[in-house]
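Let's take a walk through a protein together. Keep the picture open while you read, and look for each residue as it comes up.

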Amino acid sequence: MNIFKRLFKIGQAEAHASIDNMEDPIKMTEQGIRDMKEDLNKSVEAMAQVRALAIRSKNDKEEFEAKVKDYESKAILILKKAHAGDLDGSEADRLAKEALAKKEDAQKNVDRAAAETAKFEKNVEQLQSTINRIKSNISNWENELRTLKARVKVSDATKNVNKQMAELDNAGTVSMLERMKEKVAQDEALAEAYGDLASAKDSIDDEIDAAADTKDAKVEDDLEALKAKLGLKKDA
């Protein structure tokens, strides 16, 4: 019964275990399985011993049954010899009584061996039932253990991922991205400002050139010079 109490305690421990401390129920389950296997080995050994006693009692029963038949046959043979005149009648009765007495003793041994055989065979059946129950429990707990280990792996993996995500946020990754966005926006604004300055500079040069009208004046001078060279220039 101790094994079932232990199983019950292990079951209670597992039922109250939380996802954060699942290593303890795993160790408890592994220890419970080891204990169950030790109990199984002891039960198998005990059943083998009881089975040997049952076989020995059965052999004794068959041996005494043979003696019962033998003494009965001898008693009959002695009486037949006396009846045939081959043996003194009184001596035959005495020997026949001795044979029947031994037959009776043998019969008692037959009854005793039969009772012991039945008791041992019943013990074997009970032990076999216990062994089957222990094997079933071991199988169930091994399945539970495999499931439990798988759940722990999933839990650890999920916990690690969530922890990494939390650490990323805590490291200021999001705020760093925000600062980068702000810097890029500032750079873009600065580039646009330089562009405006360059455009403004070009516009001022154009206005100066337009006001000075240097291009048209140069063309006019060139025209007057060409006319003078050709003698076409009128005197003022």
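We'll start with the overall fold, then move on to some charged residues.

First, keep in mind that this is a predicted model. What is the protein built from? It has five helices and zero strands, so if you follow the sequence along, the pattern reads α-α-α-α-α. Buried residues make up just 17% of the 236 residues in the protein. The accessible surface adds up to about 17,800 Å², and carbon and sulfur atoms own 55% of it.

Now for the contacts. Counting those with a separation of 6 or more, 82% are between residues 24 or more positions apart. Lys61 makes a handy example. You'll find Lys61 in helix α2, which covers residues 23-83. Its C-alpha atom is 7.1 Å from that of Asn109, although 48 residues separate the two along the chain. Leaving out residues up to four places away in sequence, Lys61 touches Val110, Ala113 and Ala114. With a relative accessible area of 24%, Lys61 is partly exposed.

On to the charges. Side chains of opposite charge can pair when their charged atoms come close. How many salt bridges does the structure hold? There are ten. One of them joins the side chains of Lys37 and Glu142, at 3.2 Å from N to O. This pair links distant parts of the chain, since Lys37 sits in helix α2 and Glu142 in helix α3 (residues 89-170), 105 residues apart. Both ends count as partly exposed: Lys37 has a relative accessible area of 38%, and Glu142 comes in at 26%.

Asp70 and Lys74 make another salt bridge, this one at 3.1 Å from N to O. Here both partners lie in helix α2, four residues apart, which is about one turn of the helix. Asp70 is partly exposed at 34% relative accessibility, and Lys74 is partly exposed at 41%.

Next, find Lys103 and Glu72, whose salt bridge has its closest N and O atoms 3.7 Å apart. Because Lys103 is in helix α3 and Glu72 in helix α2, the pair ties together parts that are 31 residues apart in sequence. Lys103 is partly exposed at 22% relative accessibility, as is Glu72 at 35%.

Last stop: the surface. Which residues form a negative patch there? They are Asp205, Asp206, Glu207 and Asp209. Zoom in on Asp206, in helix α4 (residues 173-212). Asp206 counts as exposed because its relative accessibility is 51%, and the cut-off for exposed is over 50%.

Notes:
Residues are numbered from 1 along each chain as its sequence is written. This is a predicted model: local features need pLDDT of at least 70, side-chain atom pairs count only at pLDDT 80 or more; totals for chains, interfaces and linings use all residues. Side-chain values use heavy atoms; hydrogens and water are left out. Patches are made of residues with over 30% relative accessible area and no salt bridge: like charges are joined within 9 Å, nonpolar side chains (Val, Leu, Ile, Met, Phe, Trp, Tyr) within 5 Å. Accessible areas come from the Shrake-Rupley method with a 1.4 Å probe; for residues, only the protein chains shown count as cover. A salt bridge is a side-chain nitrogen of Lys or Arg within 4 Å of a carboxyl oxygen of Asp or Glu. Lys and Arg count as positive and Asp and Glu as negative; His and the chain ends are not counted. The place of a charge is taken as NZ of Lys, CZ of Arg, CG of Asp or CD of Glu. Helices (H or I, at least four residues) and strands (E, at least two) are DSSP runs, numbered from the N terminus. Buried means under 20% relative accessible area, exposed over 50%, partly exposed in between (1.4 Å probe, protein chains only). Contact means heavy atoms within 4.5 Å.
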